[in-house]
Amino acid sequence: MWSEPQPFVVSVSVKTRGCDGYPDEDSDESYNLSVSEGQAVLRSVTVWGALRGLESFSQLVYQDDYGSYFINKTEIVDFPRFAFRGLLLDTSRHYLPLHAILKTLDAMAYSKFNVFHWHIVDDPSFPYQSRTFPDLSNKGAFHPFTHVYTQSDVMRVIEHARMRGIRVIPEFDSPGHTQSWGKGQPNLLTPCYKGDVPSGSFGPVDPTVDTTYKFMESLLKEVKFVFPDSYVHLGGDEVSFACWQSNPNVRTFMEKMGFGKDFTKLESFYMESIMNMTAALNRTSIVWQDVFDYHEVKGHPGGPFLPRPIWKGETYQAELSRMTKAGHRVLLSAPWYINHISYGQDWRNSYAVQPQNFSGTEEQKKLVIGGEVAMWGEYVDATNLNPRLWPRACAAAERLWSDEEKTLNADLAFPRLEKFHKIFTVCILYKENM
């Protein structure tokens, strides 16, 4: 005799309030999930933990050949291994439409990523539409109307991310990687010289003039107003000194400051100044590892403990050891530059990454606060973003969330990634057809 299917009840209990707030570096993402006959009970301390638990619950549900849905009895006690589990998108080298960013945030939530590192501007273009300096995008974007992120677009990204428990950390990289900035902000970049005359080309931001720091202070104030997260990424990587070396005004400034011919000291002076500005705005600076490799930046309120992503791949274990020995919090990104592709199942390499496997004390290893996948945009746009990211990024996500020893086996991970790929494809297609 056929009987009416009984409803399945999911109850969610959250100890603390916070639905209207934003996730942060101290958010508790732990949860307990109990599935029994006819019901599931999810308990967490915060709403962010509840979101992670609901994601796990959704992935436990399966469908048989007749269209019926099932879930097995289970007990789960879960929490992240690392507090910072990021994904970087580069929207300067190729502009990514808003819908591509929102889809990426959806997929990040499926994988329990919790930080969207938005490398929003760079040399090729300045798509961020600034309230304070509108000419930055008017003259620096690929197109001032079709290839920009308006204030409304940015707010939509931040809210879409918040509803999925994802932080949005913007990166405004300087003093290098700023060619697009100079198109809309006169006298910001350093004029390069050929002999005694200007060559007509420009180098990094000019760190020798007061107008540079007034501009950066105004821009950072706007960034604080627009982006609610307590972190802001200031870059500091890959600064070419050739233009500075060619400029007589820069050389005079170097002599005045007692820097001699060491241009890393000039970069240090600039980075220290803008990190002080950031600290005065009650924000924590993130800088690339180059700032540490060249020199120690001292004297700013952020102290030695600001996070520094390690992105240079060949010797990252040694870099982890050196930087944590100096007392810095670090993020590991070097082994997860997945814009690079190779033939075959290159995602397997992610399962061999051990972020805390380096020479150092236990206290040093605690300074590794997480890592991030990087999808740089030299050869990536909206047409190939998803197949490059997913499910390859999931491997890193699992290593950053789950117990290290239980996720070492790439062969056992294959069915999980295969299932994720199916879930991702179905969910994205469903949203596109809504």
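Residues are termed buried when their relative accessible area is under 20% and exposed when it is over 50%. These terms are applied below to a predicted model, beginning with a covered strand and proceeding to the domains, the N-terminal sheet and the charged pairs.

Strand β12, comprising residues 231–235, is mostly covered, with five of its five residues buried. Its side chains fall into two sets: Tyr 231, His 233 and Gly 235 point one way from the strand, whereas Val 232 and Leu 234 point the other way, and all are buried. Strand β12 has pairing partners in both β9 and β13. With β9 (residues 167–174) the pairing is parallel and extends over two bridges; here Ser 174 has Gly 235 of β12 as its bridge partner. With β13 (residues 284–287) the pairing is again parallel and extends over four bridges, and His 233 stands opposite Ile 286 of β13. His 233 is thus described both by its burial in β12 and by its position opposite Ile 286.

The domain assignment of the protein chain gives domain 1 at residues 9–78 and domain 2 at residues 84–430. The C-alpha centres of domain 1 and domain 2 are separated by 32 Å. To the contact between them, domain 1 supplies 16 residues and domain 2 supplies 21 residues. An unreviewed UniProt entry places the feature "domain: Beta-hexosaminidase eukaryotic type N-terminal" at residues 12–60. Over residues 12–60, helix accounts for 29% of the chain and strand for 31%, and the C-alpha atoms at the two ends are 16 Å apart.

An open sheet is formed by four strands in the order β1-β3-β2-β6, with mixed pairing. Its edge strands are β1 (9–14) and β6 (74–78), each of which pairs on one side only. From one strand to the next, the twist averages 10 degrees. Within this sheet, β2 (residues 31–36) pairs with β6 in the antiparallel sense over five bridges, and the bridge partner of Leu 33 in β6 is Ile 76. Helix α1 (residues 47–60) packs on the sheet and touches β1, β2, β3 (39–44) and β6. The direction of α1 makes about 35 degrees with that of β2.

The count of salt bridges in the model comes to 16. One of them joins the side chains of Asp 90 and Arg 93, with an N to O distance of 2.8 Å; both of these residues are buried. Arg 93 also forms a salt bridge with Asp 122, for which the closest N and O atoms are 3.3 Å apart. This second pair links distant parts of the chain, 29 residues apart: Asp 122 is in the loop between β8 (115–119) and α3 (135–140), and Arg 93 is in the loop between β7 (84–90) and α2 (98–110). Asp 122 counts as buried because its relative accessibility is 1%. Arg 93 likewise counts as buried, because its relative accessibility is 18%, and the cut-off for that class is under 20%.

A further salt bridge connects Glu 363 with Lys 366, the closest N and O atoms being 3.3 Å apart. Because Glu 363 and Lys 366 are three residues apart in helix α12 (residues 362–366), about one helical turn separates them. Glu 363 counts as exposed at 53% relative accessibility, and Lys 366 is exposed with a relative accessible area of 57%. Elsewhere, salt bridges that share partners join Asp 90, Arg 93, Asp 122 and Glu 378 into one network.

Ile 341 is located in the loop between β15 (330–332) and α12. With a relative accessibility of 53%, Ile 341 counts as exposed, because the exposed class begins over 50%. When neighbours within four places in sequence are left aside, Ile 341 is in contact with Asp 346, Arg 388 and Arg 392. Ile 341 and Ser 30 are 311 residues apart in sequence, and the distance between their C-alpha atoms is 33 Å.

Terms used. Residues numbered from 1 in each chain as written. Predicted model: local features only at pLDDT ≥ 70, side-chain atom pairs only at ≥ 80, totals over all residues. Heavy atoms only, no water. UniProt positions renumbered as here; feature names shortened; annotations may be inferred. Salt bridge = Lys/Arg side-chain N within 4 Å of Asp/Glu carboxyl O. Buried < 20%, exposed > 50% of the residue type's maximum accessible area, 1.4 Å probe, protein only. Pairing = 2+ DSSP bridges. Axes fitted to C-alpha atoms, helices over the stretch in contact; angles between N-to-C directions. Contact = heavy atoms within 4.5 Å. Domains from an automatic or database assignment.
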